[in-house]
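Here's a quick tour of a few spots worth a look. Pull up the model and follow along.

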Amino acid sequence: MAARRPSDRRGSKLIRMDHTDQLAGSTDFNVVFVGAGNIMFGSPEGPWNHSFRLEHKLGPRLKVVALIDPAIERAANVLQKKCDSFVKSAYENTRVFKTIQDFIKNMSPKDMPKAIIVGSPPMFRGTLKSGRDIEMQILKHFPGVALFIEKPIATGPQEEIQDGFKIAKMIEDTNTVCSVGYMLRYLRAVQQMKQILIENNLTVMATIARYACAYEAIAKIDWWDKSKSAGPVIEQGTHFCDLSRYFGGEVDISSVVAHSLEHNENAGSLSKLSVDESKIPPENRIPRVTSASWKYESGAVGNFIHVVALQGTNYSCELEVYADGYCLRLVDPYSQPVLYVRKPGDDHDQVYRFPNDDPFFSEVSNLIDIIEDIEENPDGAQILSSYEDAVKSYELTWAIRVASEKSRAEKLARSAK
């Protein structure tokens, strides 16, 4: 079956998880999990948990035939917790392997998966290099098997972005069903914004995005080391760069300009760090603020700012989309999305709320429906983020980082004269 391309026609088709029945069917639905970490099995830090969504979507049909993670003990521990719960049937025969190659060598025909969920760290995927080419290994050994890849597609050096585009072409050429985890596209609020633009035949003039994280709760030292995490714009702000592209269209990458506030500048001091930043070489410490702007190929303008400043636990994130007569403002998309809409003829915002929306479930649900070839409603199941689309968002985040480092270097050079 050919992979479906991302669609803009989705506004009213998303269904809340608590309003959805388990997928009908009597046959087992085999799945392979790559990665036994938080994104796959959840954590107190956020709502991500792909296993939970798959359990709800597939019910007793779900059979996780393999869990692949080099940390065997961690993988065994999470499996035991699952087997001690009401979803035991999905995991009681799951085998743990260190690598995808180990699984390939030991799998039997009955282990052939219908989907492979890749939630391993991004530094181990998204390239053509051995050991960091899991997409290529899957395409080679599991032709026709659907893929779900967590975002960002990689966090390697900038020059490896071209590897991502080559992988995207192979996925397209082989008609592989592939979805990348930019889940904010699946928010009902986001789809309503799309619907408003389409129904009113509007052309986006500008996008303005702000992502302010609560740094006090970020205790992983690798996150603060841009040589390991690639920096907060690439690792974290990627969601809002992707949403900006979702509304603004293709970006003229050569137009990207950016500035940053660095850790060693007066305004960059943070009082509640949960890590010992002195253990990170100064040149690898992340910026506190990154501000960028660019031109879209349509002529529209994009603006994005990432801020490492808030304490506590709640983030402050907003996206504004402007078109002739309209302002669409999305607030708090990660927890309680609210959409403010200003229309022609009324200076007051109309306010829309979306309680209990779960974009993580929507993206998983759509992927499963496509794999199962459910055609009851052609618009009812669409992949909203293809691999190629995800590479373009990754390319934009790298362009922002490089532009901010360039402007910083130029400032230091002027100061040295």
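Is Lys272 buried, partly exposed or exposed? Lys272 is partly exposed, at a relative accessible area of 40%; here buried means under 20%, exposed over 50% and partly exposed in between, using a 1.4 Å probe and protein chains only.

A word on ground rules: this is a predicted model, so local features need pLDDT of at least 70 and side-chain atom pairs count only at pLDDT 80 or more, while totals for chains, interfaces and linings use all residues. Residues are numbered from 1 along each chain as its sequence is written, and side-chain values use heavy atoms, with hydrogens and water left out.

**Salt bridges**

The structure holds 31 salt bridges, each being a side-chain nitrogen of Lys or Arg within 4 Å of a carboxyl oxygen of Asp or Glu. Here are some of them:

| Pair | N to O distance | Source of the positive and negative ends |
|---|---|---|
| Arg185 and Asp242 | 2.7 Å | Arg185, Asp242 |
| Lys228 and Asp222 | 3.6 Å | Lys228, Asp222 |
| Lys272 and Glu216 | 4.0 Å | Lys272, Glu216 |Take Arg185 and Asp242, whose side chains meet in a salt bridge. Arg185 lies in the loop between S6 and helix H8 (188-199) and Asp242 in helix H11 (residues 238-248), so the pair ties together parts that are 57 residues apart in sequence. (Helices, H or I with at least four residues, and strands, E with at least two, are DSSP runs numbered from the N terminus.) Arg185 is buried at 1% relative accessibility, and Asp242 is buried with a relative accessible area of 1%. Both also belong to a salt-bridge network with Arg245, Glu250, Asp389 and Lys392.

Back to Lys272, which pairs with Glu216. Lys272 sits in the loop between strand S8 (257-261) and strand S9 (289-295), Glu216 in the loop between strand S7 (204-214) and H9, so this bridge joins parts 56 residues apart in sequence. Glu216 is partly exposed, at 26%. In the Lys228 pair, Lys228 is partly exposed at 42% and Asp222 is partly exposed at 39%.

**Helix H7**

Helix H7 (residues 161-173) has 13 residues and spans 19 Å from first C-alpha to last, close to the 18 Å expected, that expectation being 1.5 Å times one less than the number of residues. Its buried residues are Ile161, Asp163, Gly164, Ile167, Ala168 and Ile171. They cover an arc of only 145° around the axis, which puts them on the same side of H7; the arc is taken from the directions from the helix axis to the C-beta atoms. These buried residues pack against helix H6 (134-141), strand S6 (178-180) and helix H13 (387-416), where contact means heavy atoms within 4.5 Å. The face turned away from the buried side carries the exposed residues Lys169 and Asp173. After H7 comes Asn175, with a positive phi near 55°.

Notes:
Helices (H or I, at least four residues) and strands (E, at least two) are DSSP runs, numbered from the N terminus.
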